[in-house]
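Trainee: I would like to learn how to read a structure feature by feature. Please take me through this one.

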Amino acid sequence: ARGDLDVVISALRPRTAGVVAVPWLDEELVLVASPALIAPLPSGMSDADAAARLGALPLVAYDTAPSLIRRYWRSAFGTPPPGRVSLAVADLRAVLAGVVAGIGLGVLPRFVAGAAIASGSITVVHEPEIAPQNTLYLARGRTAPAAPATDTVMARLLEAASRWDVL
C-alpha cells in the first residue's frame, strides 16, 4: 500500500486499502511423513481416527501458527489440528527436510513434496476425497494508471500459471 513494491505474491488475500488482489493459483496440499514415523499406525483409518492418531504426532511447519497444517486439518478432517508445532523452520524446503528426517508430519504443496514422495523418502499419509488447497494471490497497488511494466508482470504471471499443473 506504501508503493514500495509493484507486484506481490501472497498466501493471504491482502485486504489493505489501496491494494488490489486477484487469485493467482491453487496449490494442492498433502499431509506427509517419513515412512518410519507412520509405520506403527494402522492402514485404512477413518477420517476421525486418522485425525486423532495423526494429530498426536509431532508437527513440522514454517510458522508457529501452522497455517498450512490448520488449512489442511480443517478441510480434510473438519476440525482444527489438535497438536502444536514441534519444530518451526524457515521455509517449505526446511519443512520438507524435517519430514524426510522423520521429525514429524508436515503439510506441503504437492509440487514441493513431489520428488520426495516419488523417491519414497516421504509418503502421503492421508488422502481425502477432495484435496485441500491453498490459494495464492497476486497483489499490486491500486494506482491509476498502473505502470506498463506492472501490468506486463501481472499478465505474464497470470498467463504462466494457467499452464502450470499445480493441482
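Trainee: With neighbours within four places in sequence left aside, which residues is Ile-103 in contact with?

Mentor: A contact here means heavy atoms within 4.5 Å. Outside that sequence window, Ile-103 touches Pro-58, Val-60, Leu-87 and Gly-98. Keep in mind throughout that this is a predicted model.

Trainee: Where in the fold is the place of Ile-103?

Mentor: Ile-103 sits in the loop that runs between α4 (92-100) and β5 (106-109). A distance can be added: Ser-34 is 69 residues away in sequence, yet the C-alpha atoms of Ile-103 and Ser-34 are 8.3 Å apart.

Trainee: Why does Ile-103 count as partly exposed?

Mentor: The class in between runs from the buried limit of 20% to the exposed limit of 50%. Ile-103 counts as partly exposed because its relative accessibility is 38%.

Trainee: Let us step back to the whole chain. How many helices and strands does the protein have?

Mentor: There are six helices and seven strands. Read from the N terminus, their order is β-β-α-α-β-α-β-α-β-α-β-β-α. The C-alpha trace spans about 60 × 30 × 30 Å along its principal axes. The protein has 167 residues, and 38% of them count as buried.

Trainee: What share of the contacts with a separation of 6 or more comes from residues 24 or more positions apart?

Mentor: That share is 76%.

Trainee: Now the helix α3. Which of its residues are buried?

Mentor: The buried residues of α3 are Ser-67, Leu-68, Ile-69, Tyr-72, Trp-73, Ala-76 and Phe-77. The helix itself covers residues 67-77. Just after it, Gly-78 takes a positive phi of about 75°.

Trainee: That list has aromatic residues in it. How many aromatic pairs does the structure hold?

Mentor: It holds two. One of them is formed by Tyr-72 and Phe-77, with 6.2 Å from centre to centre and 70° between the planes, which makes it edge-to-face. The angle settles the label because planes over 60 degrees apart count as edge-to-face. Tyr-72, Trp-73 and Phe-77 together form one aromatic cluster.

Trainee: What are the relative accessibilities of the two residues in that pair?

Mentor: Tyr-72 has a relative accessible area of 0%, so it is buried. Phe-77 is at 14% and therefore also counts as buried.

Trainee: Next, enclosed space. How many cavities of 30 Å³ or more does a search of the whole structure find?

Mentor: The search finds one, and about 40 Å³ of space lies in this cavity. Its lining consists of Val-60, Ala-61, Tyr-62, Asp-63, Pro-66, Ser-67, Leu-68, Ile-69, Leu-92, Val-95 and Val-107. At least two lining residues come from each of β3 (59-61), α3 and α4, with α3 giving the largest share, three residues. By class, the lining has nine nonpolar residues, one polar and one charged. Val-60 was met before, as a contact of Ile-103.

Trainee: And open space: what volume does the second largest pocket have?

Mentor: Its volume is about 170 Å³. The residues that line this pocket are Ile-38, Leu-41, Pro-42, Ser-43, Gly-44, Met-45, Ala-50, Leu-54, Val-125 and His-126. Both α2 (47-55) and β6 (123-126) supply at least two of the lining residues. Seven of the lining residues are nonpolar and three are polar, with no charged residue.

Trainee: Now polar contacts. Which side chains does the side chain of Asn-134 meet in this way?

Mentor: The side chain of Asn-134 makes a polar contact of 2.8 Å with that of Glu-27 and another, of 2.2 Å, with that of Arg-71. Asn-134 lies in strand β7 (residues 133-141). At 3% relative accessibility, Asn-134 counts as buried. Its contacts beyond four places in sequence are Ala-11, Leu-25, Asp-26, Glu-27, Leu-29, Leu-68 and Arg-71. Leu-68 also lines the largest cavity.

Trainee: One last residue, Ser-162. Is it buried or exposed?

Mentor: Ser-162 counts as exposed because its relative accessibility is 59%. Its place is in the segment after α6 (148-161). The side chain of Ser-162 reaches the backbone oxygen of Glu-159 at 2.5 Å. Ser-162 and Glu-28 are 134 residues apart in sequence, and their C-alpha atoms are 15 Å apart in space.

Definitions and conventions: Residues numbered from 1 in each chain as written. Predicted model: local features only at pLDDT ≥ 70, side-chain atom pairs only at ≥ 80, totals over all residues. Heavy atoms only, no water. Helix = DSSP H or I, 4+ residues; strand = E, 2+ residues; numbered from the N terminus. Buried < 20%, exposed > 50% of the residue type's maximum accessible area, 1.4 Å probe, protein only. 1 Å grid on protein atoms, 1.4 Å probe; cavity = no way out; pocket = protein on both sides within 12 Å on 5 of 7 lines; lining within 4 Å. Points joined across faces, edges and corners; volume = space filled by probe spheres on them. Nonpolar A, V, L, I, M, F, W, Y, C, P; charged D, E, K, R; others polar. Phe/Tyr/Trp six-rings, centres within 6.5 Å; stacked < 30°, edge-to-face > 60°. Polar contact = N/O pair within 3.5 Å; in protein donor to acceptor, adjacent residues only side chain to side chain.
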